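The following exercises concern a single protein chain. Please work through each task before reading its solution.

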Amino acid sequence: MLDKRLKLCADMVKGKRVCDVGTDHAYLIAELLSSGKCDTAVAADINEGPISAARANLEKAGVTDKVDIILSDGLKNVPQEGITDIVIAGMGGELIAKILSECDWLEGKNLILQPMSKSDHLLRWLWENGFEILKRQAVREGKFCYTAINCMKSSKTLQQTDIPPLFEYIGGLDFTDISAIEYAKRQADKLYTSAASLRDSGRYTEALKYMKLAAEIILKTGGKPMYTVKDIFAAMDVIAPMKNLHKGDNSGLLVGDENSPVTKVLFALDITCEVVREAVDIGAEVIVAHHPVIFHPLYTLDDSNPACLALKHGIACICFHSPLDMADGGINDIIFDMLNPALKLKKQAVLEPVHPDGRGYGWVCSVGNEIMPDNLGTLLKDIFGNKVVRYTNSGRTVKKIAFCSGGAGGNLPLAIKQGADAYVTGDVKHDQWITARNNGIALYDCGHFHTEDIVISYLINRFGEALPGLELVHAKSDKDPVDYII
């Protein structure tokens, strides 16, 4: 009587002469011959010990006259004549691939492969070497879960394409089968364990790769991925590395437990009490924001402080401030991308370098499509969605433009020093308007909120790519805190 693993292999045998590579005790061959499913067989193993055990079991089953027992390293000493099926079971996936790679007469043979480990390596090798997967089934036995792969090397040259997503992990499985679902979940668990280890050692980019694969497998089975606050932080660090934190800034996990589970994330520019209450209402376990929810020392703790309110409701707060301002693809790069189609910009310099590698805040760019200051003001109003854009009209054509998100009016002297004809930012003060007038530069106050809230959609898109199955919500309460009378 075969165990479930070997029975799965036996069920995939189709022909009348089978070769069992690494036959061990030859239980599979004894069953195939005793049942009449096969007429003859080859029992092959690399060691004398298993060969002796196989011979004893085959004699006990009374089928030795139908079996050629061969000492062989893989298929090297096995005669190919008449063999219809080849079974290689109970080995690692890498060894199975090696055995197959050393045999040149596999075309047309029905192959049944049952890897005990490294099934991903084997499936990738099969795909890359022109094997067609006919069937793949899973079976659970005790605390273990196995799969068997039924495949064939075609005599035709197969059109090779990139390996399909997840193929090496769950390729060929039928998810109407509960054993296949169980196997897939275990594959996901292994990937997530690797991801967690990488994440905890600070290797966030590699960690997210495995985390994404695990989540996609879980989604394929109809399940819902579960993340932790640590995972949300890791994703943010990949988007806007904390190594670029500016001295004096307060970014990172500012409220909450890093090990808490997460299924839903709320995104906002600022974490206000209104945003926290929205998170409570929709069941979001984390709020991701640009501005720090704690920036100055707290001398009182009550519900009027959003950090206290979040902690009271068990909601974590992750804030990435300066790292997101100067990240590749971050806020100032987004502004560049918004202005570029109309102005045809070319980056010339970072407006305010703050790190040894030159990374910093804002950009200074040449303008391919030169524009007058009043027309630039109209363009900015449309691009940022402002109700009002305050500006000084220098009266001179804008050929070079500088910009920096948020409250960077204090960087006006840097824009002047770089020879910019226009400077775009938010939170401009009275004396800065005077400085702009005196220096003949067009200055634009597009609002702190409007020049930075543009990053929220970007973050949601990046998170959607990195962490599949995570529910991502742009806070409805994420609004310009200023009202206007026009």
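**Exercise 1. Classify Arg-17 as buried or exposed, and describe its salt bridge with Asp-68.**

Solution. Step 1: Arg-17 has a relative accessibility of 14% and therefore counts as buried, where buried means under 20% relative accessible area, exposed over 50%, and partly exposed in between, with a 1.4 Å probe and protein chains only. The model is predicted: local features need pLDDT of at least 70, side-chain atom pairs count only at pLDDT 80 or more, and totals for chains, interfaces and linings use all residues. Residues are numbered from 1 along each chain as its sequence is written, and side-chain values use heavy atoms, with hydrogens and water left out.

Step 2: The partner, Asp-68, is partly exposed at 37% relative accessible area.

Step 3: Arg-17 and Asp-68 form a salt bridge whose closest N and O atoms are 2.7 Å apart. The criterion is a side-chain nitrogen of Lys or Arg within 4 Å of a carboxyl oxygen of Asp or Glu.

Step 4: Because Arg-17 lies in strand β1 (residues 17–21) and Asp-68 in strand β3, the pair ties together parts that are 51 residues apart in sequence. Strands (E, at least two residues) and helices (H or I, at least four) are DSSP runs, numbered from the N terminus.

**Exercise 2. Which elements hold Glu-168 and Arg-124, and how are the side chains of this pair joined?**

Solution. Step 1: A salt bridge joins the side chains of Glu-168 and Arg-124, at 3.5 Å from N to O.

Step 2: Glu-168 belongs to helix α6 (residues 167–170) and Arg-124 to helix α5, so the contact ties together parts 44 residues apart in sequence.

Step 3: Glu-168 is buried, at 12% relative accessibility, whereas Arg-124 is partly exposed, at 26%.

**Exercise 3. Locate Arg-396 and Asp-421, which form a salt bridge, and place the pair in the wider search.**

Solution. Step 1: In the salt bridge between Arg-396 and Asp-421, the closest N and O atoms are 2.9 Å apart.

Step 2: Arg-396 sits in the loop between β16 (390–391) and β17 (398–403), and Asp-421 in the loop between α15 (412–417) and β18 (422–425); the pair links distant parts of the chain, 25 residues apart.

Step 3: Arg-396 is partly exposed, with a relative accessible area of 32%, while Asp-421 is buried, at 11%.

Step 4: Elsewhere, Asp-73, Lys-76, Lys-98 and Glu-102 are joined into one network by salt bridges that share partners. The search of the whole structure finds 19 salt bridges.

**Exercise 4. What is the volume of the largest pocket, and which element gives the most to its lining?**

Solution. Step 1: The volume of the largest pocket is about 530 Å³. On a 1 Å grid over the protein atoms alone, a pocket is an open set of points where a 1.4 Å probe fits, with protein on both sides within 12 Å along at least five of seven lines; lining residues have an atom within 4 Å of a point. Grid points are joined across faces, edges and corners, and the volume is the space filled by probe spheres set on the points.

Step 2: The lining of the largest pocket comprises 21 residues, of which Lys-118, Ser-119, Asp-120, Gln-187 and Lys-190 are the closest to its centre.

Step 3: Two or more lining residues come from each of β5 (110–117), α5 (119–128), β7 (144–153), α7 (178–200) and α8 (204–220). The most come from α7, with six residues.

**Exercise 5. Which sign does phi take in Lys-118 and in Asp-427?**

Solution. Step 1: Most residues other than glycine have a negative phi.

Step 2: In Lys-118, phi is positive, near 55°. Lys-118 is in the loop between β5 and α5 and is partly exposed, at 46% relative accessible area.

Step 3: In Asp-427, phi is likewise positive, near 60°. Asp-427 occupies the loop between β18 and α16 (430–439) and is partly exposed, at 42% relative accessibility.

**Exercise 6. How many residues of helix α9 are buried?**

Solution. Helix α9 (residues 229–239) is mostly covered, with ten of its eleven residues buried. Among them are Val-229, Ile-232, Phe-233 and Met-236, together with the charged residues Lys-230, Asp-231 and Asp-237.
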